Amino acid sequence: MRDEKGLIKGGCLCGAVRYELLERPLQTTLCHCEDCRRASGAPVVAWTFCKTGSLNWVKGRPKVIHFSERERSFCGDCGTPLMFFDPSISELFEVSTNSLDAPDQYPPVDQCWVADALAWLDGLPQLPRFDHSAPLPES
């Protein structure tokens with residue numbers, strides 16, 4: 001969602017860190033790599049690619065960790081993954097699509113690192129679906 005100035009905004013779960021994108025994102029992908037899975041705790045992570053220099057932190061600052069010659073940032077209070085930067089692709093960075101205020105507006109156009117994908121993801125379409133919490137199994 002764009003604000004009155006046309007900026008795309010996002011931030012963490014607890015609101016301690018907020019950002020705005022100064023340019024329209026380039027594309028969104030679903031990443032299946034083991035690093036993204038472990039860093040997020042999720043089976044797949046949606047990332048939105050942006051031009052370097054197009055992000056402005058407007059509230060708080062994320063915690064940054066360096067791992068495998070790349071940077072990941074997240075909220076130091078609630079742990080929300082916010083950004084990924086690989087210096088070998090210095091013209092781009094990625095924001096966690098789900099940290100955008102309106103992630104539905106940025107659907108993925110592809111999937112990457114599918115060689116690392118969890119095999120059980122293929123069975124998701126067959127699983128029962130619930131609008132909210134699933135009922136607990138009876139003991």
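Modeller: In what follows, a helix is a DSSP run of H or I that spans at least four residues and a strand is a DSSP run of E that spans at least two, with both kinds numbered from the N terminus. The structure discussed here is a predicted model.

Biologist: Which elements each supply at least two residues of the lining of the largest pocket?
Modeller: The largest pocket holds about 200 Å³ of space. It is lined by 15 residues, and those closest to its centre are Cys 31, Arg 70, Phe 84, Glu 94 and Trp 113. The elements that each give at least two residues to this lining are strand 3 (27–31), helix 1 (34–40), strand 4 (45–51) and strand 7.

Biologist: How do the residues of the lining of the largest pocket divide by class?
Modeller: Cys 31 and Arg 70 are among the residues closest to the centre of this pocket. Taken by class, the lining of the largest pocket divides into nine nonpolar, one polar and five charged residues.

Biologist: What is the order of the strands in the open sheet of seven strands?
Modeller: Strand 3 and strand 4 pair in the antiparallel sense, over five bridges, and Leu 30 stands opposite Ala 46 in strand 4. The sheet of seven strands is open, its pairing is mixed, and the order of its strands is 6-7-8-9-4-3-10.

Biologist: Why is one side of strand 6 and of strand 10 left without a neighbour in the sheet?
Modeller: In the order 6-7-8-9-4-3-10, the two ends are taken by strand 6 and strand 10, and the twist in this sheet averages 30 degrees from one strand to the next. Strand 6 and strand 10 (110–112) have one side without a neighbour because they stand at the edges, each with a single partner strand.

Biologist: What is the order of the strands in the open sheet of three strands?
Modeller: Strand 1 and strand 2 (residues 18–21) run antiparallel and are joined by four bridges, with Ile 8 standing opposite Leu 21 in strand 2. The three strands form an open sheet with antiparallel pairing, and their order is 1-2-5.

Biologist: Which strands stand at the edges of this sheet of three?
Modeller: The order of the three strands is 1-2-5, and the twist averages 30 degrees from one strand to the next. Two strands have a single partner each, so one side of each is left without a neighbour in the sheet, and these are strand 1 (8–11) and strand 5 (55–59).

Biologist: Which strand gives the most to the largest nonpolar core?
Modeller: This core has 16 residues, and those with the most contacts inside it are Tyr 19, Leu 21, Leu 55, Trp 57, Phe 93, Val 95 and Leu 100. Strand 2, strand 5, strand 8 and strand 9 each supply at least two of its residues. Another core, of six residues, lies apart from it, and Cys 31, Cys 33, Val 45 and Phe 84 are among the members of that core. In the core of 16 residues, the contributor of the most, with three residues, is strand 8.

Biologist: Is Leu 82 buried or exposed?
Modeller: Leu 82 lies in strand 8, and its C-alpha atom is separated by 10 Å from that of Thr 48, which is 34 residues away along the chain. A residue under 20% relative accessible area is called buried. Because Leu 82 has 0% relative accessibility, it counts as buried.

Biologist: Which strand gives the most to the lining of the largest cavity?
Modeller: There are two cavities of 30 Å³ or more, and about 60 Å³ of space lies in the largest. Its lining consists of Phe 49, Phe 84, Phe 85, Asp 86, Ile 89, Leu 92, Phe 93 and Glu 94, of which, by class, six are nonpolar, none polar and two charged. Strand 8 (81–85) and strand 9 (92–96) are the elements that give two or more residues to this lining. The strand that gives the most, with three residues, is strand 9.

Biologist: Which strand gives the most to the lining of the second largest cavity?
Modeller: This cavity holds about 50 Å³ of space and is lined by Asp 35, Ile 65, Phe 67, Arg 70, Glu 71, Arg 72 and Phe 84. By class, its lining has three nonpolar, no polar and four charged residues. Strand 6 (63–67) and strand 7 (70–74) each supply at least two of them. The most, three residues, comes from strand 7.

Key
Residues numbered from 1 in each chain as written. Predicted model: local features only at pLDDT ≥ 70, side-chain atom pairs only at ≥ 80, totals over all residues. Heavy atoms only, no water. Pairing = 2+ DSSP bridges. Axes fitted to C-alpha atoms, helices over the stretch in contact; angles between N-to-C directions. 1 Å grid on protein atoms, 1.4 Å probe; cavity = no way out; pocket = protein on both sides within 12 Å on 5 of 7 lines; lining within 4 Å. Points joined across faces, edges and corners; volume = space filled by probe spheres on them. Nonpolar A, V, L, I, M, F, W, Y, C, P; charged D, E, K, R; others polar. Core = buried A, V, L, I, M, F, W, Y, C linked by side-chain atoms within 4.5 Å. Buried < 20%, exposed > 50% of the residue type's maximum accessible area, 1.4 Å probe, protein only.
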